[in-house]
Amino acid sequence: MALAVVLIVAVTGPADATDVDGDRERHCVVEVTDVRNGVFVTGPETCFDTEAEVARLAGQGVLARSSGNTTIGVHYTSTGFGGSSITIVGTSCAGGVWYPTGSWNNNLESTRRHCGGSPTTFYDSSSCSGGPYEVYSQRTSLGSMNNKPSCVRYG
């Protein structure tokens, strides 16, 4: 008697709502509510099905707790501004640091920067060391820093 064994292996991405839900992209926004010792203090993530929803609502101030917010940066989980995205909004980006948490940590591959003339710098360590990879405008790929950022410094 022959016995057949079937092995099914499921490979899944991060399970939390900050990235993908199955194959579905998530587009999230976090608001910088304060800067303490140069570190952004952010509110909770709010996620949508499309990046257009984030842009529309953030632009209308619907997501903002305070007036005067602007987009600091938009980061993507795939090259070419693809995959899931996280938009960082706040009143200023001068000298602030964002620490990607959950499924965003070590999972960024492209970026659009919105912070004046100073660079946005990506690091592969949560102590803002290792790397650095500076961006002055936008990058369809973070190159050698793909899937490594654990610290992002603005301005």
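# Exercises on a predicted model

Arg24 is partly exposed, and its relative accessible area comes to 39%. The structure shown above is a predicted model, and the exercises below start from its overall make-up before returning to this arginine.

## Exercise 1: the chain as a whole

Work out how many helices and strands the protein chain has, and in which order its elements run.

Solution. Counting the elements of secondary structure gives 1 helix and 11 strands for the protein chain. Reading from the N terminus on, the order is β-β-β-α-β-β-β-β-β-β-β-β. The next step is to ask how much of the chain is covered, and here buried residues make up 39% of the 155 residues. Turning to the outside, the protein chain exposes about 8100 Å², of which carbon and sulfur atoms supply 51%. A last step concerns contacts with a separation of 6 or more, where residues 24 or more positions apart account for 60%.

## Exercise 2: the salt bridges

Find out how many salt bridges the structure has, and which residues are joined into one network by shared partners.

Solution. The count comes to 3 salt bridges, and they can be taken in turn. Asp34 and Arg36 meet through their side chains at 3.1 Å, N to O, and Asp34 is partly exposed at a relative accessible area of 33%. Another salt bridge joins the side chains of Asp49 and Arg24, with 3.8 Å from N to O. Because Asp49 lies in the loop between β3 (46-48) and α1 (51-59) while Arg24 lies in the segment before β1 (27-36), this pair ties together parts that are 25 residues apart in sequence.

Asp49 also meets Arg26 in a salt bridge, at 2.7 Å from N to O. Arg26 is likewise placed in the segment before β1, so the pair of Asp49 and Arg26 ties together parts that are 23 residues apart in sequence. As for accessibility, Asp49 is partly exposed at 45%, whereas Arg26, at 11% relative accessibility, counts as buried. Salt bridges that share partners therefore join Arg24, Arg26 and Asp49 into one network.

## Exercise 3: the disulfides

Which cysteines form the disulfides, and where in the chain do their partners lie?

Solution. A search of the whole structure finds 2 disulfides. A disulfide is a covalent bond between the sulfur atoms of two cysteines. Cys28 and Cys47 form one of them, with their sulfur atoms 2.0 Å apart. The torsion about their S-S bond is about 100°, so this disulfide is right-handed. Cys28 belongs to strand β1 and Cys47 to strand β3, and the pair links distant parts of the chain, 19 residues apart. Cys28 is buried, with a relative accessible area of 0%, whereas Cys47 is partly exposed at 22%.

Cys128 is joined to Cys151 by a disulfide with an S to S distance of 1.8 Å. With 60° about the S-S bond, the link of Cys128 and Cys151 is right-handed. This pair also links distant parts of the chain, 23 residues apart, with Cys128 in the loop between β8 (120-123) and β9 (133-135) and Cys151 in strand β11 (residues 151-154). Both ends are covered, since Cys128 counts as buried at 13% relative accessibility and Cys151 is buried at 0%.

## Exercise 4: strand β5 and its partners

Determine whether strand β5 is mostly covered or mostly open, and in which sense β1 and β4 pair with β5.

Solution. Strand β5 (residues 82-90) is mostly covered, with 9 of its 9 residues buried. Taking its partners one by one, β1 pairs with β5 in the parallel sense over 5 bridges, while strand β4 (residues 70-78) pairs with β5 in the antiparallel sense over 7 bridges. Thr70 stands opposite Gly90 in β5. β4 and β5 form a hairpin with 3 residues between them, and Gly80 in the turn has a positive phi of about 70°.

## Exercise 5: the surroundings of His27

Is His27 buried or exposed, and which side chains make polar contacts with its side chain?

Solution. His27 is found in strand β1 and stands opposite Ser85 in β5. A relative accessible area of 5% marks His27 as buried. Its side chain makes a polar contact of 2.7 Å with the side chain of Ser85, and a polar contact of 3.2 Å joins the side chains of His27 and Glu25. Leaving out residues up to four places away in sequence, His27 touches several others, including Cys47, Asp49, Val54 and Gly83.

Definitions and conventions: Residues numbered from 1 in each chain as written. Predicted model: local features only at pLDDT ≥ 70, side-chain atom pairs only at ≥ 80, totals over all residues. Heavy atoms only, no water. Salt bridge = Lys/Arg side-chain N within 4 Å of Asp/Glu carboxyl O. Helix = DSSP H or I, 4+ residues; strand = E, 2+ residues; numbered from the N terminus. Buried < 20%, exposed > 50% of the residue type's maximum accessible area, 1.4 Å probe, protein only. Pairing = 2+ DSSP bridges. Polar contact = N/O pair within 3.5 Å; in protein donor to acceptor, adjacent residues only side chain to side chain. Contact = heavy atoms within 4.5 Å. Areas by Shrake-Rupley, 256 points an atom, 1.4 Å probe, with all protein chains shown as cover. Disulfide = S-S within 2.5 Å.
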